[in-house]
Amino acid sequence: MSKENILTSEHNDVRENFITHIIDEDLASGKHQSIHTRFPPEPNGYLHIGHAKSICLNFGIAEDYNGLCNLRFDDTNPVKEDVEYIDSIKQDVEWLGFKWEGQPHYASDYFDQLYTYAIELIKKGLAYVDELSPEKMREYRGTLTEPGKNSPYRDRSVEENLALFEKMKNGEFAEGTASLRAKIDMASPFMVMRDPVIYRIKFASHHQTGDKWCIYPMYDFTHCISDAIERITHSLCTLEFQDNRRLYDWVLENISIERPLPHQYEFSRLNLEGTLTSKRKLLKLVEDKIVDGWDDPRMPTISGLRRRGYTPASLREFARRIGVTKQDNVVEYSALEACIRDDLNTNAPRAMAVINPVKVVIENFEGEEILSAPNHPNREELGRRELAFTRELYIDEADFREEANKQFKRLVLGKEVRLRNAYVIKAERVEKDTSGKITTIFCSYDPETLGKNPSDGRKVKGVIHWVSATNNKPAEFRIYDRLFTVPNPGAEEDINSVINPNSLTIKQGFVESNLANAQVGQGYQFEREGYYCLDSKDGNADHLVFNLTVSLKESVAF
């Protein structure tokens, strides 16, 4: 794509925003000839909906500007990282529909170079080995209103620091007894600039480098250098790293790395109503078995949303709709639900499921008749399906009343209703068990009403869904609600106190027999019930398990 076309390209993935304005200016001025971004997760947990926004921004900008985007794992803390997380992150990015440039990158790929740059800072008198304990270091650091004070080890000679850093690398210090700190300004109004630690000791095997190292670089030291090595042009991160940009720039300006240097830009993180986006708190939910793993459909993780039935298109559209700003705000959960509802309303085939079944016997019908129904009312290209109409059917128990007013448009004793894609039936009598619960509704049907109104002009206004009682597939329905009872669970001291006890309800019912071939990842509109998908863990042809993705209408807020 030519430079002119880049400048005039439409933003198909990312709505125009302050970052795209900066990029447009950088390209127009010749500061950059092309755009190179990166998505740099730490592999210490599964990605959540907030990461989805960042993925869509970084990869989307690269696509919009015909540029490149790297996937880089900022793997500087082997104690909390795991290959399981790396694999899940790759899967999430690919599932969202994005492809990174080349092979995945790892900050650990650059450990040798990072070590060399640390040596360079020591030789320039800009880094020193400190032997303050972590507690003392915090004490010396000062507060937001009081400056810090210099460590007694701050003025060691270059030669002494080089020797001590070598001892750190060789494992001659215990963990927590020594660290390498940048020498900047202990009186800086920005805490991040008060001689931050850039290397610490950890006797832990690394998932990529094994036992080669017992010292590991800190994130702030690693991240900016990794960006520069990879020739990133625009380093995009969330607002909590705004002050860290000073350290980002300081490190790069004081090492002999190739210019031009990358620049960091901050945008507001996604705060989604009623959810947690702290990986530490999400991990606790998993460890305490409050949820069924990181991919529990109640979790705000990408894998949880995928298992619940959210589509890549719906998450990309959600990221596009909420946009990119510098203003912190809370997005209502209904905005996310609206995206998947719009997607599935257009693309999901229709089917019928009875979740709370009660039996109907059509006394004037015998045998079985195969009916035909469209898979989608507005999309003929999705084809048709066969429905078995039999003497015994199931309807939802909420669709029948012995007595009701005119506002009840379903089946009433002595009155008629239409079965979806089938005939008009009339409730004649009921049978109850000893407790008074209705067990069977006996009906008659009008054989002249398939696809048309009664010939004598009778008005039948109600339509209900149904499933054959003798030609169906039993199914389990997992009906999910919000995991928390408050809109800001992250602010609660005790998360367990705001867990919704009704976040999962399990029902046993029936679906059309053709759903025996339901595929994982395919969403269905169960007519009059909601949008559901086959559970990717527990659902199969022998045991159908359907998860509620989203209701047909907007759910009630907190």
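Which element supplies the largest share of the lining of the second largest pocket? I took this up first, working on a predicted model.

**Entry: second largest pocket**

I found that H3 contributes four residues, the largest share of this lining. For the volume of the second largest pocket I noted about 840 Å³. I then listed its lining, which comprises 32 residues. Nearest the centre of this pocket I recorded Glu 42, His 51, Glu 240, Phe 241 and Lys 279.

Next I looked up which elements give at least two residues each to this lining. Among the helices I noted H3 (49-64), H8, H9 and H10 (279-287). The strands on the list are S1 (36-39), S8 (234-238) and S9 (263-267). Sorting the lining by class, I obtained 12 nonpolar, 11 polar and nine charged residues.

**Entry: largest pocket**

I turned to the largest pocket and noted a volume of about 990 Å³. Its lining consists of 31 residues, and Met 137, Val 197, Arg 200, Met 218 and Tyr 219 are the closest to the centre. Two or more lining residues come from each of helices H6 (134-141), H8 (219-229) and H9 (244-253), and likewise from strands S5 (179-182) and S6 (197-201). I asked which of the elements gives the most to this lining. I found that H6 does, with four residues. By class, I entered 13 nonpolar, seven polar and 11 charged residues for the largest pocket.

**Entry: elements listed twice**

I marked H8 and H9 for the largest pocket, where each gives two or more residues to the lining. I marked H8 and H9 again for the second largest pocket, where each supplies at least two.

How values were computed. Residues numbered from 1 in each chain as written. Predicted model: local features only at pLDDT ≥ 70, side-chain atom pairs only at ≥ 80, totals over all residues. Heavy atoms only, no water. 1 Å grid on protein atoms, 1.4 Å probe; cavity = no way out; pocket = protein on both sides within 12 Å on 5 of 7 lines; lining within 4 Å. Points joined across faces, edges and corners; volume = space filled by probe spheres on them. Nonpolar A, V, L, I, M, F, W, Y, C, P; charged D, E, K, R; others polar.
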